[in-house]
Amino acid sequence: MRDHPHGETGTPEGPHPEVWTGRATNRGQWLLALGGAACMALGIELAVDSAWTSGVAPLVMSVVGCIAAGLLVLFGTLAFVHVSVKVDEECLEVRCGHIGVPRRRIPLSQVADVVFAPCVTPHQWGGWGYRWRPEKGTAVVVRRGEAVVLRLWDGHTFTITVDNAETAVNVIRARLTPKASGAAH
């Protein structure tokens, strides 16, 4: 997590920008991605320079298995190396990884409340990534730390680990308040 000085634009005490953006990164997942790349390299090495005397079928199964496992680990980890969050006047958008997939867009009209969670851990959600737990809701967890927790009108929750989450909560609350007071009049 980063230290965010208070009183500047976009901090909890300062004015809120029209579009708030935040991000969280987990550099540790690059090590897992390297493991996936190593599996792929082993599969390619087996395919190119193989001296297997036990037949073609075991060789093909080994090559395909190593390459498939490597691709699965490589792309699975790269998809959750970081998360980007954007809050504008109408919605909150979450994009994962370098290609922005998976992505979720939640209109602010569907948000009943938003709270700041000071410490969310991958352990609480069963690991890194895009998670769903029946008793907790849905989450995008890329690292341990502060998070935004949206409580939706349909009773579901959506949690996102992101740096400067407290400011994001304040920006979202400021955008929810006028709609709620406008509906009361």
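These notebook entries record what I looked up in a predicted model of one protein.

**Entry 1. Overall layout**

I began with the secondary structure. The protein has four helices and nine strands. Reading along the sequence, I noted the order β-α-α-β-β-β-β-α-β-β-β-β-α. I then looked up burial for the whole protein, and found that 42% of its 185 residues are buried.

**Entry 2. The pair of helices α1 and α2**

I turned next to two helices. Two packed helices are described by the angle between their axes and the distance between those axes. Helix α1 covers residues 29–48, and its axis comes within 7 Å of the axis of α2. The two axes cross at roughly 160°. Angles over 145 degrees count as roughly antiparallel, and α1 and α2 are therefore roughly antiparallel to each other. I recorded the crossing of α1 and α2 as left-handed.

I also looked up a glycine in this region. Glycine 65 is found in helix α2. Its C-alpha atom is separated by 7.5 Å from that of glycine 43, although these residues are 22 apart along the chain. Glycine 65 has a relative accessible area of 36%, so I entered it as partly exposed.

**Entry 3. A nonpolar patch on the surface**

Which residues form a nonpolar patch on the surface? I found Leu32, Val73 and Trp128, which together have about 240 Å² of accessible area. I then examined two of these members, valine 73 and tryptophan 128.

Valine 73 is placed in helix α2, which spans residues 56–78. Because its relative accessibility is 35%, valine 73 counts as partly exposed.

Tryptophan 128 sits in the loop between α3 (122–125) and β6 (129–133). Tryptophan 128 is also partly exposed, because its relative accessibility is 35%. I noted one spatial neighbour as well: the C-alpha atoms of tryptophan 128 and valine 142 are 5.4 Å apart, while the two residues are 14 apart in sequence.

**Entry 4. Salt bridges**

How many salt bridges does the structure hold? I recorded seven, and I looked up several of them in detail.

The side chains of aspartate 113 and arginine 151 meet in a salt bridge, at 3.9 Å from N to O. Aspartate 113 lies in strand β5 (residues 111–120) and arginine 151 in strand β8 (residues 145–152), so this pair ties together parts that are 38 residues apart in sequence. Aspartate 113 is partly exposed at 30% relative accessibility. Arginine 151 is likewise partly exposed, with a relative accessible area of 39%.

Another salt bridge joins the side chains of arginine 143 and aspartate 163, at 2.9 Å from N to O. Arginine 143 is in the loop between β7 (137–141) and β8, and aspartate 163 is in the loop between β9 (157–161) and α4 (165–184), so the pair ties together parts that are 20 residues apart in sequence. Are these two residues buried or exposed? I found that arginine 143 and aspartate 163 are both buried.

A further salt bridge is that of glutamate 93 with arginine 105, whose closest N and O atoms are 4.0 Å apart. This pair links distant parts of the chain, with glutamate 93 in strand β3 (residues 91–96) and arginine 105 in strand β4 (residues 103–107), 12 residues apart. The two partners stand in contrast. Glutamate 93 counts as buried because its relative accessibility is 10%, whereas arginine 105 is exposed, with a relative accessible area of 51%. I also found that Glu93, Arg95, Arg103 and Arg105 are linked in a network of salt bridges.

**Entry 5. Backbone details**

Lastly, I looked up features of the backbone. Most residues other than glycine have a negative phi, and most peptide bonds are trans. I noted two departures from this pattern.

The peptide bond from valine 101 to proline 102 is cis, and its omega is near 0°. Proline 102 is found in the loop between β3 and β4.

Asparagine 164 is not a glycine, yet it has a positive phi of about 60°. Asparagine 164 is placed in the loop between β9 and α4. I entered asparagine 164 as buried, because its relative accessible area is 13%.

Key: Residues are numbered from 1 along each chain as its sequence is written. This is a predicted model: local features need pLDDT of at least 70, side-chain atom pairs count only at pLDDT 80 or more; totals for chains, interfaces and linings use all residues. Side-chain values use heavy atoms; hydrogens and water are left out. Patches are made of residues with over 30% relative accessible area and no salt bridge: like charges are joined within 9 Å, nonpolar side chains (Val, Leu, Ile, Met, Phe, Trp, Tyr) within 5 Å. Accessible areas come from the Shrake-Rupley method with a 1.4 Å probe; for residues, only the protein chains shown count as cover. Helices (H or I, at least four residues) and strands (E, at least two) are DSSP runs, numbered from the N terminus. Buried means under 20% relative accessible area, exposed over 50%, partly exposed in between (1.4 Å probe, protein chains only). Axes are lines fitted to C-alpha atoms, for helices over the stretch in contact, and angles run from 0 to 180 degrees between N-to-C directions. Angles under 35 degrees count as roughly parallel, over 145 as roughly antiparallel, 65 to 115 as roughly perpendicular and the rest as oblique. A crossing is left-handed if the near helix is turned anticlockwise from the far one by less than a right angle, and right-handed if clockwise.
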